[in-house]
Amino acid sequence: MDENLKADLHGLEALLERAKNEAHAFLNRLDELPPAVNATPKEALSLPEQGLGAEPSLRLFMDRYGQELGGSAGPRYLGFVTGGTTPAALVGDWMASAFDLNASHPGSSAAPLVEQEALEMLRQLLALPKTFSGSFVSGATMSNFVGLACARQWVARKLGVDVAEQGLYALGPIPTLSATPHSSTLKALSMLGMGRGSLVRVPSQPGREAMDVDALRAQLESLGGKPCIVVASAGTVNTGDYDDLEAIGKLKERHPFWLHVDGAFGGLVACSPELAHLTRGMELSDSVTVDAHKWLNVPYDSALQLTRHPELLLEVFRNHAPYLDVRQGPAPFADQGPENSRRFRALPAWLTLMAYGRSGYRDILERDCRLARMLGERIEGSTAFERLAPVRLNIVCFTLRQEGGATQADIRAFLDRLRDDGRVFVSPTVLHGVPGMRAALSNWRTTERDIEIAWSAMLEVATRAAPVG
């Protein structure tokens, strides 16, 4: 055995203690860390012929990179839609690494049972019928991929083709209808061989990102009964807008289509009496995407895919081989998604759901939405910024208020200065052709104090920043 490996094994307790201390020190200053850092480029290190050992390597990492990690898990990282990590989820993630279980197959550990329990708790949190089942995947992109892979198989079966066996060559284009799809939907269509060009845009309601259901109905009628796919949004990334899932779902009574709901972050509001009306009709869908490392606040990388058609998962993703020792009982998770080997992602979710329950998550979601409205009110009354959309959920979409309108260069320069200020991070966007930015509140740590700090930073940087275009 390598001497460094032998030494690290004998000193494992002290090594884990050192790692715990480094992690604890990081978390203790998370509230005050810059949410994002423009890290300094470094000349790449070469692979050592003789390793340093774990403790010196950890020390080297902290010396080399520890001051530029960024606090994206903290309360004022408001870019994209990024959650943090609850204490229980952190414990679960550490334990998942220590256990190092492959959660793919039953019969070798309790990991698949834990995943089933976590999925059941999440199904209840999402208020979905018991007919829905699924598995954990790495993120919303893979969850959308799985849902659309099942949709492709369903449409093909309607047309008398088994795409999983015969391939796409036996099938013509599959129309995929959506109003404001996430970019990962287009990526999934590309990976599935259907092509980004198969997406048919449905008009949105005036001034919104939500689908015009009458326009959808007309497009479905124009297909003359040909099966297709409809991708609906339960929380758009720019404005937190929702398609009318109930009205769209009812169209399935007259038109043959697979309804996939992208509820990457917005699906979770089903657990809140204050917000649940937004997801009414999600139970009519055929597949649903939920991203756990967003509003569920578990560590990267974690999401889940749910469908009411588990037999299609098995058709698309089955992975049979003699050495896999297929047994009676539930289908292995390796047969229900893209990954054969799978990290024990369910444990952080299981622990955080058990630790904080429905009421704990209801509090996180409702508080983040309340704080988003608070920030939106500050922007509405400001001479430095203007809102580009109502604050419907946890996202505030706005731009710089300046004569002639802000350009993308203006926005980029402002956001760079804001990042380098170190108090808050928000990300850019374009809404209805207008360059802007968006603050997404998804972290369990965020409080009113954080909004006040963020707002002060935004005002000060806007005052200092001169237009560049």
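In this predicted model, Val-288 stands opposite Leu-306, a residue of strand β7. This briefing considers β7 and its neighbouring strands, and then turns to a nonpolar patch on the surface.

**Pairing of strand β7**
- Strand β6, which covers residues 287-291, is joined to β7 by five bridges, and the two strands run antiparallel.
- Strand β1, which covers residues 133-137, is likewise antiparallel to β7 and is joined to it by five bridges.
- Within β7, Leu-304 is the bridge partner of Phe-136.

**Burial of strand β7**
- Why is strand β7 described as largely enclosed by the rest of the structure? Five of its five residues, 303-307, are buried, so the surrounding structure encloses most of the strand.
- In a regular strand, side chains alternate between the two faces of the sheet.
- In β7, one side carries Ala-303, Gln-305 and Thr-307, while Leu-304 and Leu-306 lie on the other.
- Both of these faces are covered, as the residues on each side are all buried.

**A nonpolar surface patch**
- Met-1, Leu-5, Leu-9, Leu-12 and Leu-16 make a nonpolar surface patch of about 550 Å².
- Helices α1 (3-10) and α2 (12-28) are the elements that each give two or more residues to this patch.
- Leu-12 is located in helix α2.
- Is Leu-12 buried or partly exposed? Its relative accessibility is 39%, and because this value falls between the limits of 20% for buried and 50% for exposed, Leu-12 counts as partly exposed.

Terms used:
Residues are numbered from 1 along each chain as its sequence is written. This is a predicted model: local features need pLDDT of at least 70, side-chain atom pairs count only at pLDDT 80 or more; totals for chains, interfaces and linings use all residues. Side-chain values use heavy atoms; hydrogens and water are left out. Buried means under 20% relative accessible area, exposed over 50%, partly exposed in between (1.4 Å probe, protein chains only). Helices (H or I, at least four residues) and strands (E, at least two) are DSSP runs, numbered from the N terminus. Two strands pair if DSSP finds at least two bridges between them. Patches are made of residues with over 30% relative accessible area and no salt bridge: like charges are joined within 9 Å, nonpolar side chains (Val, Leu, Ile, Met, Phe, Trp, Tyr) within 5 Å. Accessible areas come from the Shrake-Rupley method with a 1.4 Å probe; for residues, only the protein chains shown count as cover. A salt bridge is a side-chain nitrogen of Lys or Arg within 4 Å of a carboxyl oxygen of Asp or Glu.
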